[in-house]
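Me: I'd like to learn how to read a protein–DNA model. Could you walk me through it, one feature at a time?

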Protein chains: 2
Amino acid sequence: MEIKEFKDKFEQALSKNESIVFFCNCEIKYSGRAEAFLARGDRIIIVKGDNTVLVHQPEGSSPVNYMKPNSKLELVKHKKHLILKCQNLDYKDYLDIEIFRVYNFMNHKLEDGLKLELAGNEKDMSDMIKAKPELISNDFKPLSREEHTKFGFIDVFGHDKKGNMVIVECKRYTASLQCVTQLRRYVEKISELKGVSISKVKGIMASPSISPNAKEMLEKWKFKWVQVNPPKRLERYSKDQKSLVEW
Amino acid sequence: MEIKEFKDKFEQALSKNESIVFFCNCEIKYSGRAEAFLARGDRIIIVKGDNTVLVHQPEGSSPVNYMKPNSKLELVKHKKHLILKCQNLDYKDYLDIEIFRVYNFMNHKLEDGLKLELAGNEKDMSDMIKAKPELISNDFKPLSREEHTKFGFIDVFGHDKKGNMVIVECKRYTASLQCVTQLRRYVEKISELKGVSISKVKGIMASPSISPNAKEMLEKWKFKWVQVNPPKRLERYSKDQKSLVEW
DNA sequence: ATATAGATCTCGTCA
DNA sequence: TGACGAGGTCTATAT
């Protein structure tokens, strides 16, 4: 595509806050929270209506470069080609896309605004444990599923029949060393705030699995691991679609 | 665009491992590591040559849905429209994009393979501290910048003139509670492995800033915070471009 | 394959 | 706005 035609189309679409995608050959410089350089190659450039910019290489999930929403965009001439200059003053981020060739260009006003409904996250997991405390132990009585309280971000808080406080930390994936130190931090904080001996505050890690080193550290701190899998409320979707077309 | 035309173009581009982008009105179901549903709306769909799939809404940086590389893709008819069925057996991920309308379609064989050169990350920061230990203190003698050793993933390890061991944890952003617990874990591990009193192992947090609670915890554990900014080796790029076109 | 930790993380939530 | 933690995190690296 001719540079002139691209420039006209791009600027018109940009002014109307349309979504824009183009394939091009380009070189990229980034300066801001870090510094980056990407030599000439073919890439997919996405410019959204909120002035988000994404640069994707032809492989991989993550963008190789990007600019956050509300960036200022300007297409300027440089020698015989163009530079898409992007700046985000909030983050002090600057991105230059030097465009040598444009293969394809596409623009359209897109209407959405809907939000993804997601199930099977950590919150669902702690809800499940609060509702079915026997998943932890027959001894466990949950009192609250509190987040963002003065006691911290504890997933499930309760006590046992022996009068101990019990703190449950949920992880939807394999529990790591970091997860155990997080649990330890909560146990120490509760012990401090409530003025209770640390031996009276029990830490429980609830996760589908746990790494060997995490297990070792857990045992060193007299915490316990309980195997719990995250729930999947919307599993009917995958079942429905299996009945339509077999995977 | 007509459904028939879209199907032909898509399947041909897919078979040639070209990069594909289209704007469409669609509904999305995901089942795998979690479960998700996104009702009808306009989105940007990206299919890369390695069978990565990205679904973007018209605003925001992150994809609302995605499939990792090497997914199996199939476009099947459903009533009067199409479903792009994606499956990734490695991750047991399944994504259905029910396509009601296609506004624009674009495909092209893209050639790249270059890697981003990035400066200003945590590794650069620990390299800098190793080279300029006076950034930490006049007393600090770095011995190693080790990662992934038997001692753990310590950023910079060394000692001071008083014969204490010194562990430096670098963060390129505001140090949080989690960062301090990480440092604490390393200090405890070194103390254990080397058979040295914990009072003889000094913990240093090096970061551009630190949160109040993290600072409090740091002091409780007798660690110290040193303000260090991540280096920006490639800053010349932004200077160059400033001389070309003023921001 | 698993374990570990960084990331221009991004995103939501709350004080 | 900063602080804090989750994420279908993703990605790189070492074991």
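Reply: Gladly. Let's start with the idea of a polar contact: a pair of N or O atoms within 3.5 Å. Please keep in mind that this model is predicted. One case is B:Ser211, where a polar side-chain atom lies 2.5 Å from a phosphate oxygen of DNA strand D.

Me: Which part of DNA strand D does the side chain of A:Tyr186 approach, and which part does B:Tyr30 approach?

Reply: For A:Tyr186, an N or O atom of the side chain is 3.1 Å from a phosphate oxygen of DNA strand D. For B:Tyr30, a polar side-chain atom lies 3.1 Å from a base nitrogen of that strand.

Me: How many residues surround DNA strand D, and which are the closest?

Reply: A residue counts as near a strand if one of its heavy atoms lies within 4 Å. By that rule 25 residues surround DNA strand D, and the closest are A:Asn121, A:Arg172, B:Tyr66, B:Ser211 and B:Asn213. Looking from the DNA side, sugar and phosphate make up 85% of the strand D atoms that come within 4 Å of the protein.

Me: Which helices and strands supply the surface near DNA strand D?

Reply: Helix H3 (177-194) of chain A, strand E4 (65-67) of chain B and helix H4 (212-220) of chain B each supply at least two residues there. Sorted by class, the residues of this surface are eight nonpolar, nine polar and eight charged.

Me: Now the other strand. Which residues come nearest to DNA strand C?

Reply: There are 27 residues around DNA strand C, and A:Arg33, A:Ser211, A:Asn213, B:Lys171 and B:Arg172 come nearest. Sugar or phosphate accounts for 85% of the strand C atoms within 4 Å of the protein, and bases for the rest.

Me: What do the side chains of A:Arg33, A:Asn65 and A:Lys68 reach on DNA strand C?

Reply: A polar side-chain atom of A:Arg33 lies 2.4 Å from a base oxygen of DNA strand C. A:Asn65 also has a polar side-chain atom by a base oxygen of strand C, at 2.9 Å. For A:Lys68, the partner is a phosphate oxygen of strand C, at 2.9 Å. The elements giving two or more residues to this surface are strand E4 (65-67) and helix H4 (212-220) of chain A, together with helix H3 (177-194) of chain B. H3(B) gives the largest share, three residues. By class, the surface near DNA strand C has 10 nonpolar, nine polar and eight charged residues.

Me: Let's turn to the protein itself. How do I check the length of a helix such as H1 of chain B?

Reply: Take 1.5 Å times one less than the number of residues. Helix H1 (residues 3-15) of chain B has 13 residues and should therefore span 18 Å, and its end C-alpha atoms are indeed 18 Å apart.

Me: Which residues of H1(B) are buried, and which are exposed?

Reply: Buried means under 20% relative accessible area, and exposed means over 50%. In H1(B), B:Phe6, B:Phe10, B:Ala13 and B:Leu14 are buried. Seen down the axis, these buried residues fall within an arc of 100°, so they line one face of the helix. On the other side of H1(B), B:Lys4, B:Gln12 and B:Ser15 are exposed.

Me: Is B:Asp93 buried or exposed, and what does its side chain contact?

Reply: B:Asp93, found in strand E7 (residues 93-108) of chain B, is buried, with a relative accessible area of 2%. Its side chain makes a polar contact with the side chain of B:Arg33, at 3.0 Å.

Me: What should I know about phi angles?

Reply: Most residues other than glycine have a negative phi. A:Asn70 has a positive phi of about 65° although it is not a glycine. A:Asn70 lies in the loop between E4 and strand E5 (72-78) of chain A, and is exposed, with a relative accessible area of 62%. B:Lys92 also has a positive phi, of about 55°, and is not a glycine. B:Lys92 sits in the loop between strand E6 (81-88) and E7 of chain B, and is exposed at 61% relative accessible area.

Me: Finally, how is chain A divided into domains?

Reply: The domain assignment gives domain 1 (3-108) and domain 2 (122-227) of chain A. Taken over C-alpha atoms, the centres of these domains are separated by 46 Å.

Technical notes
Residues numbered from 1 in each chain as written. Chains lettered and ligands numbered in written order. Predicted model: local features only at pLDDT ≥ 70, side-chain atom pairs only at ≥ 80, totals over all residues. Heavy atoms only, no water. Domains from an automatic or database assignment. Polar contact = N/O pair within 3.5 Å; in protein donor to acceptor, adjacent residues only side chain to side chain. Helix = DSSP H or I, 4+ residues; strand = E, 2+ residues; numbered from the N terminus. Nonpolar A, V, L, I, M, F, W, Y, C, P; charged D, E, K, R; others polar. Buried < 20%, exposed > 50% of the residue type's maximum accessible area, 1.4 Å probe, protein only. Arc of directions from axis to C-beta.
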